[in-house]
Amino acid sequence: MFAMDDTASNRTSGFVAGWFGGCVATIVSHPADTIKVRMQMEGAKQRYQNSLQCLLNICKTESIRGLFKGMAYPLCSQLFINATVFGCENVIFIELQPQGLSGARAKAVSGAVAGAVQCLIVCPAELIKIRMQNQGVGQSYGIRAIGPWSASKQLYREQGVAGFYRGWWLTMAREVPQYALYFSACQYSKEKLADTFGPPKTQLQRTLHSALSGGFAGVVTWLWYPVDVVKTRFQNDTSGKYKGIMDCYSKLVSEEDTECC
């Protein structure tokens with residue numbers, strides 16, 4: 001058996017950790033994501049006054065299962081999405097070291113590239129997810145509902161492969177800067193924690209540093225939330241209301257003001 005060198009081992013661990021972490025994160029966060037998508041689709045209807053009312057309404061009319069609508073595609077695609085993000089970012093970051101680029105700047109570059117690459121998977125997966133999350137609103141779970149596979153076949157018959165990439169540029173506009181910011185902010189906060197409290201010496205300290213840095217970076221990435229609102233509206237549009245991205249944005253602002261974002 002051939003022994004793997006440190007670089008190869010780091011790359012493999014990046015893919016495995018990315019896949020496992022992505023699956024856990026999807027299961028835990030999907031109910032909150034469903035509420036987010038429903039709130040983003042509200043518009044002038046104002047069915048929900050706030051997120052709590054949205055949660056209670058879904059549980060009452062669609063049962064707890066309603067919170068998990070559309071989870072199949074994100075969960076299945078995590079094998080590819082997070083493995084691609086963390087694996088690709090890790091590979092690029094390592095390759096940048098001999099070029100003299102390191103630290104947060106290198107993480108920004110590697111994160112941006114990883115974010116762009118995974119859009120090939122994220123765009124179609126999220127399009128189906130969003131449409132699944134918005135079907136049967138206010139109805140008992142299962143009424144006139146179609147599964148993700150049936151929705152995919154129908155979309156392919158009507159629009160071909162291009163139909164799965166509706167909102168591609170909005171996905172890129174969200175993912176590329178978000179991942180550049182996420183990885184660079186995470187690296188920066190790790191460096192600052194090490195400067196302030198010293199390098200972590202135990203596994204517990206390393207875990208705490210990673211958790212604090214990841215939490216900080218995750219909060220920072222929500223600066224791109226307005227792009228996500230436009231993306232959700234645009235990808236869920238099956239009636240042809242929006243002629244393009246700018247038309248979608250213009251109608252959102254004119255009809256609902258900037259508070260919609």
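Which residue lies over the face of F93? Keep that in mind for the second view; every panel here shows a predicted model.

**View 1. Aromatic rings meet in pairs and in a cluster.** Six aromatic pairs are counted in this model. One of them joins Y165 and W168, and it is edge-to-face because the ring planes stand at 65°, with the centres 5.9 Å apart. Another edge-to-face pair brings together Y182 and F183, so called because their planes stand at 85°, while their centres are 5.3 Å apart. Y182 and F183 also belong to one aromatic cluster with F86 and Y179. As for solvent, Y165 is partly exposed at a relative accessible area of 29%, and Y182 is partly exposed too, at 22%. F183, at 6% relative accessibility, is buried because the cut-off for that label is under 20%.

**View 2. Charged side chains sit over rings.** Here is the residue asked about above: K107 lies over the face of F93, 4.2 Å from the ring centre. The panel also takes in R166, whose charged end sits over the ring of F234 at 3.9 Å from its centre.

**View 3. Helix α4 bends along its course.** This helix runs through residues 103-133. Why does its end-to-end distance deserve a look? A straight helix of 31 residues would reach 45 Å at 1.5 Å a residue, yet the end C-alpha atoms of α4 are only 39 Å apart. Follow the chain to C119 and you will find a bend of about 50°. The helix is mostly covered, with 22 of its 31 residues buried.

**View 4. The largest pocket draws its lining from several helices.** Its volume is about 1,100 Å³. Of the 34 residues that line this pocket, S29, D33, E126, Q178 and Y179 lie nearest its centre. The elements giving two or more residues to the lining are α1 (6-40), α3 (72-96), α4, α6 (168-197), α7 (203-220) and α8 (225-236). Which of them makes the largest contribution to the lining? That is α1, with 10 residues. Y179 is worth a second glance, being also a member of the aromatic cluster in View 1.

**View 5. L252 is buried in helix α9.** The helix covers residues 245-256 and includes L252. With a relative accessible area of 1%, L252 is buried. Look also for V230: the two residues are 22 apart along the chain, and their C-alpha atoms are separated by 7.9 Å.

Conventions:
Residues numbered from 1 in each chain as written. Predicted model: local features only at pLDDT ≥ 70, side-chain atom pairs only at ≥ 80, totals over all residues. Heavy atoms only, no water. Phe/Tyr/Trp six-rings, centres within 6.5 Å; stacked < 30°, edge-to-face > 60°. Buried < 20%, exposed > 50% of the residue type's maximum accessible area, 1.4 Å probe, protein only. Lys NZ or Arg CZ within 6 Å of the ring centre and 35° of its normal. Helix = DSSP H or I, 4+ residues; strand = E, 2+ residues; numbered from the N terminus. Expected span 1.5 Å × (residues − 1). Bend = angle between axes of the 7 residues up to and from the residue. 1 Å grid on protein atoms, 1.4 Å probe; cavity = no way out; pocket = protein on both sides within 12 Å on 5 of 7 lines; lining within 4 Å. Points joined across faces, edges and corners; volume = space filled by probe spheres on them.
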